[in-house]
Amino acid sequence: MSSTQNENPVRVLVVGCGNMGASHAFAYQLLDGFEICGIVSTGKSKETLNEKLGGGYALYSDYKAALLETKPDAVCISTYPDTHEEFAILALEHGAHVFIEKPLAATVEGAKNVVEAAKKAGKQVVVGYILRHHPSWERFVTEARELGKPLVMRMNLNQQSHGYMWGVHRNLMKSLSPIVDCGVHYIDVMCQMTRSKPLRVNAIGARLTEDIPAGNYNYGQLQIWFEDGSVGWYEAGWGPMISETAFFVKDVIGPKGSVSIVAKDAGAAGKSASVEAHTKTESIRVHHAALNDKDEFVQEDTWINLEDEPDHQELCNREQRFFLSAIRENMDLTDHLQDAVTSLQIAFACDESVRTGRTVDLV
């Protein structure tokens with residue numbers, strides 16, 4: 001979206017300079033309508049990002065000081081989840097709109113606090129549910145809704161992380177488990193597919209290494225029951241010991257057939273920890289269950305190959321175009337934020353199920 005002549009660019013303070021923070025910063029630099037007013041990180045990543053962006057940006061180690069000095073119109077928060085609530089509320093209290101990476105907070109109560117702070121400040125908060133901006137995932141949801149009810153939804157994202165990514169995952173596990181951090185994406189997708197109330201969850205987990213904080217687990221699998229009879233499962237594991245044999249399952253079954261994302265290349269060995277591979281769809285396969293009088297299939301499977309297959313950076317660009325539209329048009333983001341809270345609520349109920357060994361009711 002281009003800024004019009006009488007609209008000043010939205011001045012953004014970039015907070016957090018890892019994979020996502022850097023991608024969002026590149027989007028702000030690329031898109032008309034945004035202007036980076038500062039970059040914040042506690043370590044040296046801000047210098048690295050500043051250099052990649054061509055240099056010249058104001059750099060800060062202290063978030064509060066950066067807020068006071070730059071007085072931004074918006075803040076982009078891509079830090080670890082345990083800082084999300086505090087950083088978002090501070091930004092809102094300073095009169096800034098917020099783009100925040102998922103999850104919205106490290107607790108359900110924290111997420112609700114951010115939503116309340118946004119209402120009080122009269123500012124926009126957009127949560128980084130990147131799959132909502134991917135044409136193929138949008139089509140995946142649409143096709144699933146055509147399969148009838150109930151739905152069976154099968155999804156996972158196991159990552160054989162090592163080197164830099166194992167460091168990232170270890171840090172993430174200081175505040176969240178894999179099924180919470182990654183699961184909110186796919187729980188959100190399931191809720192979009194069923195448009196039904198989640199009733200209860202059950203989950204299991206395993207601690208496969210001592211190289212993570214005590215009390216956390218680096219493998220988890222969750223199951224959700226919905227009011228319309230639909231069921232879904234999601235699996236996530238992080239670490240050097242994780243198998244790559246079945247890291248990418250995206251499959252939905254209904255009475256009328258099934259729809260699957262088939263990532264032939266992304267599913268090849270060595271791609272499970274690639275951020276680029278996580279959103280890549282390549283092909284959607286639609287299976288039609290209708291039988292003739294001889295119990296043979298009436299129709300062959302349909303392959304959908306969408307030409308619009310954005311890479312990870314382009315998806316971040318699209319997220320930021322949406323953020324700009326939300327600010328410029330004063331969009332009603334009530335449903336957007338409620339969905340973010342709901343998916344987090346379900347994910348934490350799953351986490352509770354792992355830790356207690358019991359099914360958790362959501363209603």
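How many disulfides does the structure hold? Zero, in this predicted model, and the cysteines make a convenient place to begin the tour.

**Cysteines**

Select Cys17 and display its sulfur together with that of Cys76, which is the closest cysteine sulfur to it; the two lie 9.5 Å apart, and because a disulfide requires sulfur atoms within 2.5 Å, this separation is too far for a bond. Cys17 itself is buried, with a relative accessible area of 11%. Moving on to Cys37, you will find that its closest cysteine sulfur is again in Cys76, here at 11 Å, which is likewise too far for a bond. Cys37 is buried as well, its relative accessible area being 13%.

**Strand S5**

Next select residues 97-101, which form strand S5; five of its five residues are buried, so the strand is largely enclosed by the rest of the structure. With side chains shown, His97, Phe99 and Glu101 can be seen to point one way from S5, while Val98 and Ile100 point the other way. This may be read against the general rule that in a regular strand the side chains alternate between the two faces of the sheet.

**The partners of S5**

Keep S5 in view and add strand S4, residues 74-77, which runs parallel to S5 and is joined to it by four bridges. To find the register of this pairing, look at Ala74, which stands opposite His97 of S5. If you then add helix H4, residues 84-93, you have a right-handed β-α-β unit made by S4, H4 and S5.

Now turn to strand S6, residues 125-128, which is also joined to S5 by four bridges and also runs parallel to it. Here the pair to centre on is Val98, which stands opposite Val125 of S6. Adding helix H5, residues 108-121, brings in another right-handed β-α-β unit, made by S5, H5 and S6.

**Annotated spans**

Finally, colour the chain by its annotations, beginning with residues 10-129, which UniProt lists, in an unreviewed entry, as "domain: Gfo/Idh/MocA-like oxidoreductase N-terminal". That span is 43% helix and 23% strand, and its end C-alpha atoms lie 21 Å apart. Then select residues 143-239, covered by the UniProt annotation "domain: GFO/IDH/MocA-like oxidoreductase", which likewise comes from an unreviewed entry. Over residues 143-239 the chain is 28% helix and 30% strand, with the end C-alpha atoms 33 Å apart.

Technical notes:
Residues are numbered from 1 along each chain as its sequence is written. This is a predicted model: local features need pLDDT of at least 70, side-chain atom pairs count only at pLDDT 80 or more; totals for chains, interfaces and linings use all residues. Side-chain values use heavy atoms; hydrogens and water are left out. Buried means under 20% relative accessible area, exposed over 50%, partly exposed in between (1.4 Å probe, protein chains only). Helices (H or I, at least four residues) and strands (E, at least two) are DSSP runs, numbered from the N terminus. Two strands pair if DSSP finds at least two bridges between them. A crossover is right-handed if, with the strands pointing away from the viewer, the path from the first strand over the helix to the second runs clockwise. UniProt positions are given in the numbering used here, feature names are shortened, and annotations may be inferred rather than shown by experiment.
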